[in-house]
Amino acid sequence: VTLREMRNTDVNVTNARYDVENARLGIEKMSIKAPFTGVIVNLPHYTGGTRIDQGKPMVGIMDYAPMYMDINLPESAISSVSAQQPVFITHYTLPHDTLSGVVAELSPAISMETRTFKGKLTIDNKELKLRPGMFVKADITVSRAEGSIVIPKHIIQSQRNNKYVFIVDKN
């Protein structure tokens, strides 16, 4: 072989090594990895061999084990609700299953239109019983009275803005 053929071969080998390395990098870029664990919530259909534009979503993933809930509280509750208060969450499909949470954030501003103030709750949803978009009931514990008597609401009678309860005493 001539010296010229030898140099051309060296150049071809070097180019082939670069091509192999570029192919490896291309394959690594084709691998999709989420930065968190979650559940696939949106999976668009693409046929095999179709080119996808850069920035176009391939899949939608959501982690809703810790859930966040937006709430609107009445103006009258602004002094009794504060951050880190316990919250109990129920859904009509899970009437006997109560999830726990806390008040995470409260806005100090009251809306002029609705006379409410906004807040956010953090809900512990490890078993994924609640789904994003569900309407739930949130009970915020604002005060506690130990040793108080509790009666069902339907027993309370009302007449002329007065509320009363009948008590049976000595039969």
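**Notebook: the open sheet**

I started at a turn: H91 has L94 in β5 as its bridge partner. Before going on, a note to self: this is a predicted model, where local features need pLDDT of at least 70, side-chain atom pairs count only at pLDDT 80 or more, and totals for chains, interfaces and linings use all residues. Residues are numbered from 1 along each chain as its sequence is written, and side-chain values use heavy atoms, with hydrogens and water left out.

Strands here are DSSP runs of E with at least two residues, numbered from the N terminus. I call two of them paired if DSSP finds at least two bridges between them.

Next I looked at β4 (residues 86-91) against β5 (residues 94-110): they are antiparallel, with five bridges. Another position I checked was V87, which sits opposite G101 in β5. The two strands make a hairpin, with two residues between them.

Then I moved on to β5 and β6 (residues 116-124), which pair in the antiparallel sense over six bridges. Here E105 faces K120 in β6. This hairpin has five residues between the strands, and R115 takes a positive phi near 60 degrees.

Which order do the strands take in the whole sheet? I read β3-β6-β5-β4-β7, five strands in an open sheet with antiparallel pairing. β3 (66-74) and β7 (137-140) are the edge strands, each pairing on one side only. From one strand to the next the twist averages 35 degrees; axes are lines fitted to C-alpha atoms, and angles run from 0 to 180 degrees between N-to-C directions.

Definitions and conventions. Helix = DSSP H or I, 4+ residues; strand = E, 2+ residues; numbered from the N terminus.
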